[in-house]
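Please take a moment with the sequence and the model shown below before reading on. The paragraphs that follow go from the whole chain to single elements and residues.

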Amino acid sequence: MNALIEARGIKKYFPVLKGVVFSKAVGWIKAVDEVSFSIEEGETFGLVGESGCGKSTIAKVILLLEEATSGSLLFRGEQVFEFKGKELREYRSSVQAVFQDPTSSLNPRTRISSIITEPLVVNNRLPAALVKQRMEETLTQVGLSTETARCFPHEFSGGQRQRIAVARSLIVRPSLIVLDEPVSALDVSIQAQTMNLLKDLQTRLGVTYLFIAHNLATVRYMSHQIGVMYLGKLVERGPAEEVFSHRIHPYTQALFSAALPSHPDIVKDEIVLSGEVPSAFNLPPGCRFHPRCEHALPMCSEVEPELREMAPGHYVACHLNRTS
C-alpha cells in the first residue's frame, strides 16, 4: 500500500488581534499544532474529537481553503504547498469535499444538472455530450435517476440531497474525498444508507476518504485508521479496530465511554472528566489534557508527550503509557 496523502507536522495558528484601526497580534490560537498522519490509497482515515479540536481546520488545510502556518503536505509524494499552475489545478480536481449540511451546500436556484457538472466544467474542458454522459453515469452511481438532473434541490429529501453532493464530488473522478460530518444532519436510517453508499463507492472506484465525525459508531464502521484529536493535537492514532478495542490515552477512554452503547443492555464504565476544555489561546503547559486527567503525573504539567508506538501501528501521546 502507498500513502496517497501525508500530513507532516501541520500547524495552523490564527492571530488574536487587538485594536480597531492599527490592529496587532497579541497572541495565537493554535487550532492545529504539529499534526502528522497519512492515508493509504483506497482507505478511510477517521478523525474524531470534541468540537473545536481542529478536525475541520485540518480538512480546510488539505482542501487549500486555509494556508498552513508550517509543516508539509504530500500528495503522491509531491509537496502540495509548492504546487502552482497546472499542478495546483490537478490537485484541486483530485481532492473534493462533501460537507455536513447538503441544504446549505447546494444552490437552491440551480438545477441538479448544473450543480453536479460545475466541478467538471471548471476543471476540465470536455465536449457537452461527454459532460452529460459523465453526469448521468455519476447520478446512477449514487443511486439516483438521471431524470433528477432537471430538478432543483428543494424537491429532494435530506438523504437525496447528500447523494447529490456526493455525485458532485465524484464527477471529476477524484482520488481523495474529504467527508466533513457527512451524515450527522441526516436521520439515523438515512445515515446507514449513506454510509453504505460511501463504502460501496470506495470498493468500486477505489476512492480514498478523510472521514471527520463526532459519532464514534459511524467512524468505526467507515474507517480503516483512526486519529483522536484534543486541542489541536493527535493524542492517539492507529488501526480502527485496534484503537476501539485497546484505547490507551485517558482522553480516548473518556471520549469512547461517553458514546452511546450499540445495545441498551450493554453496561459501560462511565468516565466523567473534571473541568472545562482549556482555551486554544491560553493552552496549559505540558500535556494539554493534564488539567482534566485523573491519572496525571507531575511531569505531565511540564513536558509535552510525543506520539509513541505502543503496538504495531498504534501510537499514543501519553506519559502514563511510556514504554521506556
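For a chain of 324 residues, a compact globule would have a radius of gyration near 20 Å, and the value of 21 Å found for this protein agrees with that. The model is a predicted one, and what is said here describes that prediction. Along its principal axes, the C-alpha trace spans about 70 × 60 × 40 Å, and the chain is arranged into ten helices and twelve strands. Of the 324 residues, 47% count as buried, while the accessible surface comes to about 16600 Å², of which 50% belongs to carbon and sulfur atoms. Among the contacts between residues at least 6 apart in sequence, 64% join residues at least 24 apart.

A convenient place to begin is near the start of the chain. Strand β1, which covers residues 3–18, and strand β2, which covers residues 24–40, pair in the antiparallel sense over twelve bridges, and within this pairing Ile5 stands opposite Ile39 of β2. The two strands form a hairpin with five residues between them, where Gly19 takes a positive phi near 105°. In the loop between β1 and β2 one also finds Phe22, and together with Val20 and Val21 this residue forms a nonpolar patch on the surface, the three having about 440 Å² of accessible area together. Is Phe22 itself buried or exposed? Phe22 has a relative accessible area of 77%, and since the cut-off for exposed is over 50%, Phe22 counts as exposed.

Val32, in strand β2, offers a contrasting case, for its relative accessibility is 0% and it therefore counts as buried. Which residues are in contact with Val32, leaving aside its neighbours within four places in sequence? They are Ile10, Lys11, Lys12, Tyr13, Gly54, Thr57, Ile58 and Gly232. Of these contacts, Thr57 and Ile58 are also listed among the buried residues of helix α1. By way of a distance across the model, the C-alpha atoms of Val32 and Ala165, which are 133 residues apart along the chain, are separated by 27 Å.

Helix α1, made of residues 55–62, is mostly covered, with six of its eight residues buried. The buried residues are Lys55, Thr57, Ile58, Ala59, Val61 and Ile62. As background to reading any such list, an α-helix has 3.6 residues a turn, so residues three or four places apart point the same way. Just after α1 comes Leu64, which is placed in the loop between α1 and strand β4 (70–75). Leu64 has a positive phi of about 65° although it is not a glycine. Most residues other than glycine have a negative phi.

Another helix with a list of buried residues is α4, which runs over residues 112–123 and buries Ile112, Ile115, Ile116, Thr117, Pro119 and Leu120. What covers these residues includes strand β6 (95–98) together with the helices α5 (128–141) and α6 (158–170).

Farther along the chain lies strand β9, residues 225–230, of which five of the six residues are buried, so that the strand is largely enclosed by the rest of the structure. Which strands does β9 pair with, and in what sense? With strand β3 (residues 44–48), β9 pairs in the parallel sense over four bridges, and Gly46 has Ile226 of β9 as its bridge partner. With strand β10 (residues 233–239), β9 pairs in the antiparallel sense over six bridges, and here the bridge partner of Tyr230 is Lys233 of β10.

The strands β9 and β10 form a hairpin with two residues between them, and Leu231 is found in the loop that joins them. Like Leu64, whose phi is positive at about 65°, Leu231 is a residue other than glycine with a positive phi, in this case near 50°. Leu231 has a relative accessible area of 6% and is therefore buried, whereas Phe22, in the loop between β1 and β2, is exposed.

Key. Residues numbered from 1 in each chain as written. Predicted model: local features only at pLDDT ≥ 70, side-chain atom pairs only at ≥ 80, totals over all residues. Heavy atoms only, no water. Buried < 20%, exposed > 50% of the residue type's maximum accessible area, 1.4 Å probe, protein only. Contact = heavy atoms within 4.5 Å. Pairing = 2+ DSSP bridges. Patch = residues over 30% accessible without salt bridge, like charges linked within 9 Å, V, L, I, M, F, W, Y side chains within 5 Å. Areas by Shrake-Rupley, 256 points an atom, 1.4 Å probe, with all protein chains shown as cover. Salt bridge = Lys/Arg side-chain N within 4 Å of Asp/Glu carboxyl O. Rg over C-alpha atoms; globule rule 2.2 N^0.38 Å.
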